[in-house]
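Here are a few short exercises to work through with the model open beside you. Try each task before reading its solution.

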Amino acid sequence: ELTSSEVLSEAELAFEGALRPASLAEFVGQPKVRGQLELLLKAAGLQNRTPDHILLAGPPGLGKTTLAMIVAHESGRPLRTSSGPAIQHAGDLAAVLSSLVPGEVLFIDEIHRMARSAEEMLYLAMEDFRIDIMVGKGAGATSVPLDLAPFTLVGATTRSGLLPNPLRDRFGFTAHLEFYDDDDLAKVIERAAPMLDFQLDKEGIAEISGRCRGTPRIANRLLRRVRDYALVHKTSGDVDAVRAALRLYDVDALGLDRLDRAVMSTILTRFGGGPVGLSTLAVSVGEEGETIESVVEPFLVRIGLITRTPRGRMATELAYKHFGIATAQESLP
Ligand code: ADP
């Protein structure tokens, strides 16, 4: 799967690592979030204290991990990385928290997938830099308080709505990352191409920008495929190479991938344009509801192919046009 799949090969991981901007100044786009983070880090620096806890929310590939690294880098603090799925017991979290060095930045990716018991431990840790550890079992069990080094938690989530309120409230600041516009994506690609030893002309760059789902990770991934194409076919990096490569990998004019298209065709053809409920949609395309809601839908809504109504998801007129299907009205005899 070329686009929204989140399983990255080793080569891709290495490439992503090399491409990550190291400072806010190098971070393309998201001017609002950048300004907010800059202020927060500067103020903390002036008072020589650990910056407030930060929640980064938004679809995959928009730069959450990158920003967590930048927070650590810009404030000159070490970074520890963990993820929700890796924290299945309060004890997993206790082990991480108790080993932090003063001022460390703790990044927890997919924080909405952490175990409940760990979430509760995190409340106290975030607020008072303290946790209670249970010692012993049964009637003789006692809780022993343990002081922690002050730290900054940076949580990332594709679903801020899934976080319990007490956890959400303990972040001093929540950044909502938006899909990138074409100009910003062009900058991402311009920056990445030389790192691949690849020259792509302006038109070629624009073509990728318009077909990467507003997502820097996908822009970089498509760029690699175009580079491969040009290499193998000994062509130059121009718009023809981009089109040929993207045709080969089934990326359509809007950048929709296989799952996007499965969702659209389900709504359009199986359910007559909708409304379709989320769970019905998920079963029909064989995906989890959470993936549909946090990965697929935000982009389809943003480019105006579907709308969310209280009764479910509905295809728009633009969707009928893009997929070349007559609307119910037009197809009346
Ligand atoms: P997330 O954690 O939100 O899934 P990442 O931070 O891992 O996303 O970003 C994915 C890739 O996209 C990385 O290789 C990163 O370098 C690139 N990227 C993301 N945001 C930007 C940006 N604003 N400017 C330049 N590159 C970016």
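**Exercise 1.** Is the crossing of α11 and α12 left-handed or right-handed?

*Solution.* A word on the material: this is a predicted model, where local features need pLDDT of at least 70, side-chain atom pairs count only at pLDDT 80 or more, and totals for chains, interfaces and linings use all residues. Residues are numbered from 1 along each chain as its sequence is written.

Step 1: find helix α11 at residues 258-270 and helix α12 at residues 278-285. Helices (H or I, at least four residues) and strands (E, at least two) are DSSP runs, numbered from the N terminus.

Step 2: look at the geometry. The two helices pack at about 115°, and their axes lie 10 Å apart. Axes are lines fitted to C-alpha atoms, for helices over the stretch in contact, and angles run from 0 to 180 degrees between N-to-C directions.

Step 3: the crossing of α11 and α12 is right-handed (the near helix is turned clockwise from the far one by less than a right angle; anticlockwise would be left-handed).

**Exercise 2.** Which residues in α11 meet which residues in α12?

*Solution.* From α11 come Leu259, Ala262, Val263, Thr266 and Arg270, and they meet Leu281, Ser284 and Val285 of α12. Contact here requires C-beta atoms, placed from the backbone, within 7 Å.

**Exercise 3.** In which strands are Arg308 and Arg313 found, and is each buried or partly exposed?

*Solution.* Step 1: an unreviewed UniProt entry annotates Arg308 and Arg313 as "binding site". UniProt positions are given in the numbering used here, feature names are shortened, and annotations may be inferred rather than shown by experiment.

Step 2: Arg308 sits in β8 (residues 306-309), while Arg313 belongs to β9 (residues 312-315).

Step 3: count neighbours. Arg308 has 15 other C-beta atoms within 10 Å, so Arg308 is partly exposed. Arg313 has 27 C-beta neighbours inside 10 Å and therefore counts as buried. The cut-offs are 20 or more other C-beta atoms within 10 Å for buried, 12 or fewer for exposed, and in between for partly exposed, with C-beta atoms placed from the backbone.

Step 4: leaving aside neighbours within four places in sequence, Arg308 is in contact with Val301 and Arg313.

**Exercise 4.** Why is one side of β2 and of β7 left without a neighbour in the sheet?

*Solution.* Step 1: the open sheet has five strands in the order β2-β3-β6-β1-β7, with parallel pairing (strands pair if DSSP finds at least two bridges between them).

Step 2: β2 (79-83) and β7 (173-176) stand at the edges with a single partner strand each, so one side of each lacks a neighbour in the sheet.

How values were computed: Two residues are in contact if their C-beta atoms, placed from the backbone, lie within 7 Å.
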